[in-house]
Amino acid sequence: MKQLGSIGLICALANGAGADDTVGEETIIVIDRAPDRDADPKARDRDRALGDAPFVTIIHAEDHPATASVADALGASVGVQSRSLGGLGAYESISVRGAAPGHTTVLVDGVPLARLAAVTTDLGRYALDSYGQVELYRGAVPVELGGAGVGGAVNLVTRLGRGERGERINASAGMGSFGARHLRLAYGDDHRDGRVVSASMLGYQAAAGDYSFFFDNGTPLNATDDTYETRRNNGFDQLDAATRWGVVDRSAVAGLRFAGKHQGLPGSATQPSLEASLSTYDLIGDGHVEHDVGVATAREQLFVLVERQRLRDPAGELGLGTQNRGYLTLSGGAASTWRLPIARHRGTAGIELRADRFRDEDLDNGGAPLTGDREAGALLAGFDIALDPAATIVVTPAARFDLVRTAPSPMSSGPTAGMELPPRFDAVPSPRLTARAAVATDVSIKASAGWYVRLPTLIELFGNRGSIIGSPELLPERGPSTDVGVVWAPSEALGPIDRILVEASAFGTRARDTIAFVSSVGFVARAMNVANSQSYGGELVASARLARTVSVTANYTRLVTQQLTEEVSFANKALPRQPGHAVYARVDVVRRVLARNASLWLDGSFQSRTFLDQANLMTVPGRALAGAGMRVEIAGGLAAALAVENLTDARIQFLPLDPPPRPDLTETKAALADLAGFPLPGRTFYVSLDWSH
């Protein structure tokens with residue numbers, strides 16, 4: 001289990017304290033000390049939890065360990081499951097509400113990451129503390145953030161200016177089990193008499209990932225050859241840097257972000273890869289300006305994105321033959337969004353333009369590289385309709401219409417080998433409806449319904465790698481999604497409970513024309529539209545704080561997934577890698593000890609069994625894990641922390657056998673594993689120092 005911090009909704013909103021002086025009609029607020037967020041009785045992000053029509057979870061970097069990735073933090077959130085190769089820094093993707101990873105759009109400061117070639121994004125390579133917060137939209141997504149899939153969207157947001165307690169400099173360093181280590185330095189400040197704010201950071205993170213794990217030698221019914229193996233080729237080195245500047249009201253902001261990561265690709269326990277590796281380098285530049293045009297507010301945004309990757313598999317251990325490939329993705333885009341108040345209502349309209357180019361080159365065998373480009377334009381509109389003068393009930397119909405052109409290079413294999421393929425055009429409508437009713441000061445009921453689409457990637461359309469062949473006739477994945485729920489977040493203390501937040505929701509999605517690679521002759525796989533599927537369930541989040549000392553937070557996700565197909569082996573079976581039950585809980589205790597702040601926490605997680613295949617024959621047992629940690633302030637802004645993951649050193653799970661092969665053999669041993677079946681480490685320790693000024 002990744003050691004995870006408490007959900008961001010349990011902390012207090014920053015609340016400045018000072019004296020007010022009035023000069024004429026102008027009020028001057030003098031801040032004479034750092035904000036005391038602990039004194040605020042309101043749950044952190046309460047206004048957004050009650051006021052945003054979609055269900056949104058705000059994850060704050062300071063609530064998580066210094067080594068946590070974005071995927072680690074999301075994995076503790078309600079409705080989310082993370083999938084990992086295992087160990088610190090490993091490849092990680094997320095699934096939201098049972099949707100495939102490709103159905104969750106990933107953005108950095110509102111810039112959508114390119115998904116021109118690969119459908120998923122490795123969220124394990126984004127260090128959480130290089131951002132101020134992460135916004136997770138479950139289900140409905142604001143139209144300004146793009147035509148998200150049925151899983152919602154994740155927006156990584158950079159903090160500008162000083163920290164929440166007025167600090168300018170934050171530095172941290174640490175080391176732990178299996179070669180884990182990190183160094184990070186961040187600086188944020190106000191400039192030009194407070195009119196300009198900035199944030200810059202530089203970070204390094206690495207691990208060897210050489211933990212031991214239980215291995216049954218591929219013979220689960222024979223215990224005589226069971227052993228422990230060492231995870232190999234599981235290390236990584238990562239460097240990231242960013243700088244971002246803007247005016248104090250965020251009406252004009254620009255930034256540049258770089259990330260580079262080299263990692264081994266260890267493979268599975270039964271089929272390890274000892275030499276395969278992947279290197280990824282990203283550069284993102286963006287800027288936006290907001291300004292008034294009469295009574296309307298306009299926002300213009302520009303962005304560029306460059307991603308270079310190199311995949312090396314000299315021994316052909318990944319199953320596609322020897323490879324030494326280079327990938328290059330170039331993206332650029334612009335958007336203009338306008339908001340116009342109309343009486344007590346508000347209209348939103350906008351236009352977006354984007355162009356992407358992808359190149360896949362065989363660096364060993366030469367030949368013409370696979371190249372392709374995609375140009376897209378979108379029109380978006382929404383209208384917030386306040387049904388009463390106090391705007392306690394707001395209904396928002398909204399829609400996006402995307403027109404996309406995709407052009408490939410000639411394919412070298414398959415039935416269309418050597419032929420010039422015409423460009424492909426996709427017209428993608430995405431209508432949606434959201435509603436929010438503030439039935440009381442501290443209670444909101446929220447609901448949404450919409451139609452969402454994921455376009456096939458260039459590889460899925462025009463794959464040209466010898467062992468992978470695309471299908472130019474592929475239909476987009478698409479389907480409806482809906483949810484409804486209630487949020488309770490009191491603004492005043494309830495006796496000794498000085499903060500509380502409860503959110504309950506039910507949801508349902510249905511994916512049609514799901515795209516998957518289907519093996520045919522030999523090792524050749526072709527992209528095809530396969531079975532439809534549906535997912536439905538419920539989510540519950542609850543958090544409270546007692547006497548400004550003990551904080552408790554927990555979330556529970558119930559998920560039912562079903563394959564809708566005529567194939568008897570798969571019909572009505574659960575989707576792979578989706579547990580039916582998932583629970584996360586954490587307790588934090590904060591006290592003053594010897595005139596120093598000290599905190600102690602304990603957390604635990606449980607998830608039910610999952611399946612690795614469509615036929616539900618290969619099972620990953622359910623698991624329950626615990627963790628603990630502490631942090632103590634020393635002096636002068638310096639603090640030390642200790643985190644322990646997998647507190648009980650669980651490395652073996654027991655898999656029930658149904659039916660049992662004999663009366664005395666009802667279960668068998670299996671390695672502690674991720675949802676994707678990759679082995680996870682046992683007990684791990686991490687010690688870190690952090691300093692702020």
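## Overall make-up

Three helices and 40 strands make up the secondary structure of the protein, as seen in a predicted model. Of its 693 residues, 50% are buried, and the accessible surface comes to about 29,800 Å², with carbon and sulfur atoms accounting for 61% of that area. Among contacts with a sequence separation of 6 or more, 65% are between residues that stand 24 or more positions apart.

## Nonpolar cores

In soluble globular proteins, nonpolar side chains tend to be buried together. In this model the largest nonpolar core holds 25 residues, and the members that touch the most others are Val70, Leu74, Ile94, Leu123, Val134 and Leu156. At least two residues of this core come from each of helix H2 (70-75), strand S5 (92-96), strand S6 (104-108), strand S8 (133-138), strand S9 (152-157) and strand S18 (296-313). The most is given by H2, which supplies four residues. A second core, separate from this one, has 15 residues, including Leu265, Tyr327, Leu370 and Leu461.

Val134 shows in detail how one of these core residues is surrounded: leaving aside residues up to four places away in sequence, Val134 touches Thr57, Ile58, Ile59, Val70, Leu74, Leu128, Val154, Asn155 and Leu156. Two of the residues on that list, Val70 and Leu74, are themselves among the core members that touch the most others.

## Strand pairing

Five strands form an open sheet in the order S3-S8-S9-S6-S7, and the pairing within this sheet is mixed. Strand S3 (55-60) and strand S7 (111-112) are its edge strands, each pairing on one side only. The pairing of S3 with S8 is antiparallel and runs over six bridges, with Ile59 standing opposite Val134 in S8; Ile59 is also one of the residues that Val134 touches.

Elsewhere, strand S10 (residues 169-176) and strand S11 (residues 181-191) run antiparallel and are joined by seven bridges, and Ser172 stands opposite Arg184 in S11. These two strands form a hairpin with four residues between them, and Phe178 in the turn has a positive phi of about 60°. S10 is also joined to S40, again by seven bridges and in the antiparallel sense, and there the bridge partner of Ala173 is Leu689 in S40.

## Salt bridges

Side chains of opposite charge can pair when their charged atoms come close. With a cut-off of 4 Å between a side-chain nitrogen of Lys or Arg and a carboxyl oxygen of Asp or Glu, the count comes to 35 salt bridges. One of them is formed by the side chains of Arg97 and Glu539, at 3.0 Å from N to O. This pair links distant parts of the chain, 442 residues apart, with Arg97 in the loop between S5 and S6 and Glu539 in strand S30 (residues 532-546). Arg97 and Glu539 are both buried, and they belong to a network of salt bridges that also links Arg138, Asp483 and Glu503.

The side chains of Asp384 and Arg346 meet in another salt bridge, at 3.2 Å from N to O. Because Asp384 lies in strand S21 (residues 370-386) and Arg346 in strand S20 (residues 345-362), this pair ties together parts that are 38 residues apart in sequence. Asp384 counts as buried, because its relative accessible area of 18% falls under the 20% limit, whereas Arg346, at 37%, is partly exposed. A further salt bridge joins the side chains of Arg631 and Asp690 at 2.7 Å from N to O; Arg631 in strand S36 and Asp690 in strand S40 are 59 residues apart, and the pair links distant parts of the chain. With a relative accessibility of 32%, Arg631 is partly exposed.

## A nonpolar surface patch

Val552, Val587, Val589, Leu600, Met630, Val632, Leu642, Phe685 and Val687 make a nonpolar surface patch of about 680 Å². The elements that give two or more residues to this patch are strand S32 (581-593), strand S36 (623-635) and strand S40 (684-692). Met630, whose place is in strand S36, is partly exposed at a relative accessible area of 39%, and therefore lies over the 30% that membership of a patch requires.

Notes: Residues are numbered from 1 along each chain as its sequence is written. This is a predicted model: local features need pLDDT of at least 70, side-chain atom pairs count only at pLDDT 80 or more; totals for chains, interfaces and linings use all residues. Side-chain values use heavy atoms; hydrogens and water are left out. Patches are made of residues with over 30% relative accessible area and no salt bridge: like charges are joined within 9 Å, nonpolar side chains (Val, Leu, Ile, Met, Phe, Trp, Tyr) within 5 Å. Accessible areas come from the Shrake-Rupley method with a 1.4 Å probe; for residues, only the protein chains shown count as cover. Buried means under 20% relative accessible area, exposed over 50%, partly exposed in between (1.4 Å probe, protein chains only). A nonpolar core is a set of buried Ala, Val, Leu, Ile, Met, Phe, Trp, Tyr and Cys residues joined through side-chain atoms within 4.5 Å. Contact means heavy atoms within 4.5 Å. Two strands pair if DSSP finds at least two bridges between them.
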